[in-house]
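User: I would like to learn how to read a few features of a protein model. Please take them one at a time.

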Amino acid sequence: MYEEHFGLTDRPFQLTPDPRYWFDSATHRKAMAYLGYGLAQGEGFIVITGDIGAGKTTLVGHVTAQIDPANLVVINIVSTAIEADDLLRTVATGLNVDPAGKSKAELLTVIERGLHGIARTGRRTLLIVDEAQALPVSALEELRMLSNFQAGGRALLQIFLLGQPEFRERLNGSDRLEQLRQRVIAIHHLDPMNPDEIAEYVGHRLRIAGWQGTPDFADNVFPVLYRASGGVPRRLNQLMNRVMLHAAITDATLIDAALVNTVRADAARDLPNVVRPAPVMKAVPNAEPVAQDEMRAEAAEPAQLEPAQLDPAVLDRIASLEKRIEEQDVALRRVLTLLVDWVESEAPAPRGGLEAVRGAAA
């Protein structure tokens, strides 16, 4: 294993979520701010969504690791499309109540008693439901009913829902979830990391695993890692595991763009999703450049080449092109951001049209 080769004490890019490797990216920092605000309110629903591999489970681990059990009792549920009655049984089990043989009415009674018992000790109860997009509407409605339990004008239960983007769409688009929607006090979507966060993320995880500077990383490697992963943490971890293993096998002490492209070409034959970049731009109505970005990503993709064809000169040329594309992407995102801000502000159109916006973004 590459950990031993490079003198590491742990696997820095393991796919299993580990709160020890928490990385305070801009989007995760914002999520923590929303969570802090929501928990301070002590009631209602907190909703965090994100694409697969965005770091939702790691976020939960980081949050729960900071919670003082003397103040807050945490019940964790990973949803597997369970129906309303089964959800109640799971909550009852989390409160150390045996749900066997109990009707729905009895389950609600014992859950309320359990919550009151915790409240009498001066603590609150937080229910965390992961993979909330798999829950049927009936189960979500049951969660809303549980959030109604009160004592002395204070909520006995606060609920934290995590899900993939489709859960946010369901929440916003379903009339049946209107009452739950009105109880959401904080909501945030986890975006991919920014291009300038990739180097810090990789170094952060390596340092936790005991990295002493070997292997070293060339500056041109990070734009390639960003384009290959789309800034999604799990996809980046998956690729970095293969990159580190390749470096160990070849006894490389410097990881550069050429090495990463070689790994991507090799991985394309076995794990195509490793080398297919995830979307990195937010959807903007009628924004044709998004489609162009996807085409550029496909055009820059070296996965169709065999490793034997990737001589150093070709790899250097690929790295140079990817760097130029990355610079163009950054400029394009600035233009789109300014355009969106202008539309939302309803301000008069800037003089000079798009050229003026481009000048402001430069």
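User: In which sense do strand 2 and strand 3 pair, and over how many bridges?

Analyst: In general, the strands of a sheet are held together by backbone hydrogen bonds, and the pairing is either parallel or antiparallel. This is a predicted model. Here strand 2 and strand 3 (residues 124–130) pair in the parallel sense, over 7 bridges. To find one of the partners, start from isoleucine 75: its bridge partner in strand 3 is leucine 127.

User: What is the order of the strands in the sheet?

Analyst: The order is 2-3-6-1-7, an open sheet of 5 strands with parallel pairing. Its edge strands, strand 2 (72–78) and strand 7 (184–190), each pair on one side only. On average, neighbouring strands of this sheet are turned by 15° against each other, with direction ignored.

User: Which helix lies across strand 2 and strand 3?

Analyst: That is helix 4 (residues 84–94), which runs at about 140° to strand 2.

User: Next, a single residue. Is threonine 64 buried or exposed?

Analyst: Neither label applies: threonine 64 is partly exposed, because its relative accessible area is 26%, and the partly exposed class runs from 20% to 50%. Threonine 64 lies in helix 3 (residues 56–66).

User: What is threonine 64 in contact with, leaving aside its neighbours within four places in sequence?

Analyst: With those neighbours left aside, threonine 64 is in contact with Val74, Asn76 and Ile128. Take valine 74: threonine 64 and valine 74 are 10 residues apart in sequence, and their C-alpha atoms are 7.6 Å apart in space. There is also a backbone atom to note, since the side chain of threonine 64 reaches the backbone oxygen of glycine 61 at 3.1 Å.

User: Last, the aromatic rings. How many aromatic pairs does a search of the whole structure find?

Analyst: The search finds 3 aromatic pairs. In one pair, phenylalanine 23 and tyrosine 201, the ring centres are 5.4 Å apart and the planes stand at 85°, so the pair is edge-to-face; the cut-off for that label is over 60 degrees. The pair links distant parts of the chain, 178 residues apart: phenylalanine 23 is in the loop between helix 1 (2–5) and helix 2 (26–41), and tyrosine 201 is in helix 9 (residues 198–208).

User: Are phenylalanine 23 and tyrosine 201 buried or exposed?

Analyst: Both phenylalanine 23 and tyrosine 201 are buried.

User: Which residues do ring pairs link into a cluster?

Analyst: The cluster consists of Trp211, Phe217 and Phe222, linked by ring pairs.

Notes
Residues are numbered from 1 along each chain as its sequence is written. This is a predicted model: local features need pLDDT of at least 70, side-chain atom pairs count only at pLDDT 80 or more; totals for chains, interfaces and linings use all residues. Side-chain values use heavy atoms; hydrogens and water are left out. Rings of Phe, Tyr and Trp (its six-membered ring) pair if their centres lie within 6.5 Å; planes under 30 degrees apart count as stacked, over 60 as edge-to-face and the rest as tilted. Helices (H or I, at least four residues) and strands (E, at least two) are DSSP runs, numbered from the N terminus. Buried means under 20% relative accessible area, exposed over 50%, partly exposed in between (1.4 Å probe, protein chains only). Contact means heavy atoms within 4.5 Å. A polar contact is a pair of N or O atoms within 3.5 Å; within protein, one must be able to donate a hydrogen and the other to accept it, and residues adjacent in sequence count only if both atoms are side-chain atoms. Two strands pair if DSSP finds at least two bridges between them. Axes are lines fitted to C-alpha atoms, for helices over the stretch in contact, and angles run from 0 to 180 degrees between N-to-C directions.
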